[in-house]
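This report describes the fold of one protein chain, from its overall composition to the surroundings of a single side chain. The sequence and the model are shown first.

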Amino acid sequence: MNRTKLLLTLAGLLFVGALALDARSFFAKTSSHPPVVEQRLPNGHLHRVATAPVATSTVDQTHTVAQPGEAPINGVLPVILGQPASGPVELTGKLSGAYVKTGPGEAFAVFELKARAPQKHERVPVNLALVVDRSGSMDGAKLADAKRAAQELVRQLKTGDRLALAHYGSDVTVEPSVLINDQTRRELLATIEAIRVNGGTNMSGGLVAGGNAVHPFSSDFRVTRAILLSDGEPTEGVTSNQGLFSEVGKLREMGITVSALGVGQGFNDTLMRGMAERGGGFSGFISDSSQLASIFTRELEQAAGTVARAVTLNLTLPPGVSGVEVMGLPSTRDGDTVRIPLYDMTSSQSARVVVKLTLDAPANEINMKVLDASLSYVDVAAGQPSWVTLALAAKVTNDAQVVHANLDREVRVHAIRALGTQQLQAAAEQMQSGNRESALSFLTNARKLFGASSSALAGELADLDKTQAAYGSAQSDSEVRQEALNLKKKTMKNFGQNNSY
């Protein structure tokens, strides 16, 4: 059993009989319920695991889920607009309240990114690498559909685009990058038709080869992207999740966006999603290989419509703020700076980032700087780096009623959604591991969290009902896996990400 599954299994067992997650934050403040600690999993996400009870009376948690008997929160704080306000990507943000209580406490911050529609629509020429799995498990309909989809992609490329083709089994074959014209188009179509299955799954070899094929031309193109397709676990070359994440990170540093598409039933969805998150591209969980042609078309549209690439949100923690948890997204921390890679954005595309902060508000200050944010990206139209900055602050008080009276309803809903979605994510992992009792326990945790704001999260509760019903009626391992994948797709949307198929 790998480390991720081991941690999740342990967490599920600890939660059995204790269906309320972290009673300190979510329900009555009592030591009879177990608090939680956060553990970072191999996929880069933080997971909350029950621990022994501790006294928590000194920690202010009014910014989190509704406390028993508290008055409804109806206030909405104004959003803070990042500066400069021009440029293709808008950044806004706000805290979960206008006040923080003196002493140890928690708060949430929500950031919204949105790509503006350009005044003049322009299709960007693209420099693509298509990296296709031809291992033995692709034999039959999957390879036939992959080849048909690749050929359709070739037909849709415009004169002046570039395409490199890499296909991998145990070995790797690379067709060098070529400018698209009538002759190269015909040659590529014939080359794709001749692909045959062979051996194992050297995913890293195919990915690196595809990246190397397009990199020499990346300076001549505003958008360079590698599209990876696989139906299974890597068996040769680099096989660990972290090792492949590292390879993707190197490609992104070279200016190459990576999308990762899993097809069929045997692919590693955690790996494919993680590569897309770190590569700035899209992920896809594709059960029916006949859908590949439409997915490849959408990938081309995404690449050609890119307005901002290398999008990264950087958070700087000022004095008094010691901890930050980025909900549902990979992040890296270096000292007081947290780096969150996001995906390339097309016109009108958006992203939401929710973070939970651990702070200690000083008693001798009137105001407290809580978080500094900086959004960096490459403006594709201008062909140059661009930045947006934003600072979030709160007033300090010793009056809990003042804190509560100035909480933000919208941010609390986002926070509850993110906390509940962490439980859905864990439930999906337990479904795939065959741990039914633990999966149901995590689903119950999510229901209780969503129920803390049931009117605003009615859609999430309805989706949870459908998931639980479908999971309960699943008759085979493949049906259970499909429900787990469907649930994982929902978690991506719930976390505010719009880069999945």
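In which sense do strand β11 and β12 pair, and over how many bridges? Strand β11, residues 257-263, pairs with β12 in the parallel sense, and five bridges connect them. The model is a predicted one.

## Overall composition

The protein has 501 residues, of which 57% are buried. Its secondary structure consists of 13 helices and 20 strands.

Of the contacts between residues at least 6 apart in sequence, 76% join residues at least 24 apart. The exposed surface of the protein comes to about 19500 Å², with 52% of it supplied by carbon and sulfur atoms.

## The β11-α7-β12 unit

The parallel pair introduced above belongs to a right-handed β-α-β unit, in which helix α7 (residues 269-279) accompanies β11 and β12. Within the pairing, G262 stands opposite F285 in β12.

Strand β12 spans residues 280-286 and is mostly covered, since seven of its seven residues are buried. In a regular strand, side chains alternate between the two faces of the sheet.

## The five-stranded antiparallel sheet

An open sheet of five strands, with antiparallel pairing, follows the order β3-β4-β6-β18-β14. The edges are formed by β3 (80-81) and β14 (321-326); each has a single partner strand, so one side of each is left without a neighbour in the sheet.

Inside this order, strand β4 (residues 89-95) and strand β6 (residues 103-115) are joined in the antiparallel sense by seven bridges. V89 has A115 in β6 as its bridge partner. Helix α10, residues 409-433, lies across β4, β6, β14 and β18 (350-361), and runs at about 95° to β6.

## The surroundings of Y343

Y343 is located in the loop between β16 (337-341) and β17 (345-346). Is this residue buried or exposed? Y343 has a relative accessible area of 2% and is therefore buried, the cut-off for burial being under 20%.

Which residues does Y343 contact beyond its neighbours within four places in sequence? Among them are G280 and G281, and β12 begins at residue 280. The contacts of Y343 also include V311, Q349, S350 and A351, as well as G496, Q497, N498 and N499. A polar atom of the Y343 side chain lies 2.5 Å from the backbone oxygen of S350. The C-alpha atoms of Y343 and V258 are separated by 9.5 Å, although the two residues are 85 residues apart along the chain.

Note on methods: Residues are numbered from 1 along each chain as its sequence is written. This is a predicted model: local features need pLDDT of at least 70, side-chain atom pairs count only at pLDDT 80 or more; totals for chains, interfaces and linings use all residues. Side-chain values use heavy atoms; hydrogens and water are left out. Helices (H or I, at least four residues) and strands (E, at least two) are DSSP runs, numbered from the N terminus. Buried means under 20% relative accessible area, exposed over 50%, partly exposed in between (1.4 Å probe, protein chains only). Contact means heavy atoms within 4.5 Å. Accessible areas come from the Shrake-Rupley method with a 1.4 Å probe; for residues, only the protein chains shown count as cover. Two strands pair if DSSP finds at least two bridges between them. Axes are lines fitted to C-alpha atoms, for helices over the stretch in contact, and angles run from 0 to 180 degrees between N-to-C directions. A crossover is right-handed if, with the strands pointing away from the viewer, the path from the first strand over the helix to the second runs clockwise. A polar contact is a pair of N or O atoms within 3.5 Å; within protein, one must be able to donate a hydrogen and the other to accept it, and residues adjacent in sequence count only if both atoms are side-chain atoms.
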